[in-house]
Amino acid sequence: MDMHEFTVDIPQAALDDLSERLARTRWPDELPGVGWSRGVPLGYLKELAEYWRSSYDWRAQEARLNAYPQFTTEIDGQTIHFLHVRSAEEDATPLMLIHGWPGSFVEFLDVVEPLIDPRGHGDSTAPAFHLVIPSLPGHGFSQPLSEPGWTDGRVARALAELMARLGYERYGVQGGDIGAFIAPEIGRIAPEHVVGVHVNALVTFPSGDPADMANLSEGEQRRLALHKHFRDDQMAYMQLQGTRPQTIAYALTDSPVGQLAWIVEKFKEWSDPAAELPEAAIGRDRMLTNVMLYWLTGAARSSANAYYERFHDASMWAPKQRSSVPVGVAVFTTDVAIRRFAEKTNMVVHWSEFERGGHFAAMEAPDLFIGDVRAFFGRIR
């Protein structure tokens, strides 16, 4: 199966076009004193967009991305882009890391070195990993989408095939957000190959059984309230992407400030609430690099497509058999997972709850993320 080396090399004309578009932004007005309650504040976004235009250095970030080996291959008619970073340790465990939306493989840049080389990062007893970090179909450099029908199940089958092509007979999978749907599905599709599944930003749903709602802990009640707040006040993006991805794509593909606001809002709402602004949790340049992968590849429509497929995929919501693959769950401050709900369909053997870090755990709290991945896979090796 052909694998092609890949280097990020954005034409200067694309960067010049971005700068010109940012300079010509037609700004809306806003109501006084509303802060973030109705979306991204005008003053904040103007300042961030000007930083993006005049101070952000894409070429430096591009070099950072190209520090790791990247490849593309075609699976099921779809181009799949991925990083493949092998450890020097012979007994390293192959591990796939799966991003979500509005994330990208950029989410994992801070965890690569400690995971492949624990000894070089102060822990001689921690397990090492060979890392495979794909761009999900329709995201980043896994473009364009080959056709409709790229459901979570189809993506999971493609990613399992990728690991097989790389020669990995036994491997782990980690995922957050959309990745937390896809990673357990890989375990169901290929249980003979998956040693374990680790997730963060897992979404769990009550079964409707009153017994499931009895005697919830204070933390579980708080997470239920967070989930209700999300459903009541933060789902507009999901409804648009899940029902009319083509329509929203015109605004986001034509306007870099539109694409910036669409993504930055989620970094604000889903990051650790202790961070007053999203860059306090993640870092301004890292956040903009993530936005750049959507802007430069024109991924607004194709990444939104994943929500459309999920909304219209009957198997997504059908009852699932309990997986036989060990699962570890890391719960950060903005996550909504509840263990008794997760255990309905997963063999949960590891459960951690943290008091810092949010939805984008590998960027916000890489130390905690790394420690929990090591603890889980060290336990099941």
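## A tour from the Ser104 loop outward

Start at Ser104, in the loop between strand 4 (93–98) and helix 4 (112–116). This is a predicted model. Show Ser104 with its surroundings: a relative accessible area of 6% makes it buried. Leaving out residues up to four places away in sequence, Ser104 touches His99, Asn290 and Leu293. Select those three as sticks to see what lies against the serine.

Stay in this loop. Pro102 also sits between strand 4 and helix 4. Which form does the peptide bond from Trp101 to Pro102 take? It is cis, with omega near 5°.

Now jump to Pro144. It lies in the loop between strand 5 (129–135) and helix 5 (152–165). Display the backbone from Gln143 to Pro144: this peptide bond is cis too, with omega near -10°.

**Zoom out: the whole chain**

Switch to cartoon. The chain has 17 helices and 9 strands. Its radius of gyration is 20 Å, close to the 21 Å that the globule rule gives for 381 residues, so the chain is as compact as a globular protein of that length. Draw a box along the principal axes: the C-alpha atoms fill roughly 55 × 50 × 45 Å.

Color by burial next. Of the 381 residues, 56% count as buried. Then turn on a contact map. Take contacts between residues at least 6 apart in sequence: 75% of them join residues at least 24 apart.

Add a surface. About 16400 Å² is exposed, and carbon and sulfur atoms supply 50% of that area. For charges, mark the 35 positive and 51 negative ones; their mean positions are 4 Å apart.

**Strand 6 and its neighbors**

Select residues 171–176. Is strand 6 enclosed or open to the outside? The cut-off for buried is under 20% relative accessible area. In strand 6, 6 of the 6 residues are buried, so the strand is largely enclosed by the rest of the structure.

Look at both faces. Tyr171, Val173 and Gly175 point one way. Gly172, Gln174 and Gly176 point the other way. Residues on both sides are buried.

Now add the partners. Strand 4 pairs with strand 6 in the parallel sense, over 4 bridges. Pick Leu97 to find one link: its bridge partner in strand 6 is Gln174. Strand 7 (residues 194–200) also pairs with strand 6 in the parallel sense, over 6 bridges. Here, pick Gly176: its bridge partner in strand 7 is Asn200.

Step on to Asp177, in the loop between strand 6 and helix 6 (178–189). Check its phi: it is positive, at about 60°, although Asp177 is not a glycine. With a relative accessible area of 13%, Asp177 is buried.

**The strand 2 hairpin**

Move to residues 70–75. Strand 2 is mostly covered, with 5 of its 6 residues buried. On one hand, strand 2 pairs with strand 1 (residues 4–6), antiparallel, over 3 bridges. Pick His4 and look across: its bridge partner in strand 2 is Thr72.

On the other hand, 6 bridges join strand 2 to strand 3 (residues 78–85), again antiparallel. Phe71 is a good pick for this pairing: its bridge partner in strand 3 is Phe82.

Which residue in the turn of this hairpin has a positive phi? Strands 2 and 3 have 2 residues between them, and Asp76 in the turn has a positive phi of about 55°. Asp76 is a residue other than glycine. Its relative accessible area is 45%, which makes Asp76 partly exposed.

**Last stop: Tyr308**

Select helix 13 (residues 300–311) and find Tyr308 in it. At 30% relative accessibility, Tyr308 counts as partly exposed. What does Tyr308 touch, apart from residues up to four places away in sequence? Show Gln241, Gly242, Thr243 and Pro245: Tyr308 touches each of them.

Finish with a distance. Draw a line from the C-alpha of Tyr308 to the C-alpha of Leu240. The two residues are 68 apart in sequence, and the line spans 8.9 Å.

How values were computed. Residues are numbered from 1 along each chain as its sequence is written. This is a predicted model: local features need pLDDT of at least 70, side-chain atom pairs count only at pLDDT 80 or more; totals for chains, interfaces and linings use all residues. Side-chain values use heavy atoms; hydrogens and water are left out. The radius of gyration is taken over C-alpha atoms; the globule rule is 2.2 Å times the number of residues to the power 0.38. Buried means under 20% relative accessible area, exposed over 50%, partly exposed in between (1.4 Å probe, protein chains only). Contact means heavy atoms within 4.5 Å. Accessible areas come from the Shrake-Rupley method with a 1.4 Å probe; for residues, only the protein chains shown count as cover. Lys and Arg count as positive and Asp and Glu as negative; His and the chain ends are not counted. The place of a charge is taken as NZ of Lys, CZ of Arg, CG of Asp or CD of Glu. Two strands pair if DSSP finds at least two bridges between them.
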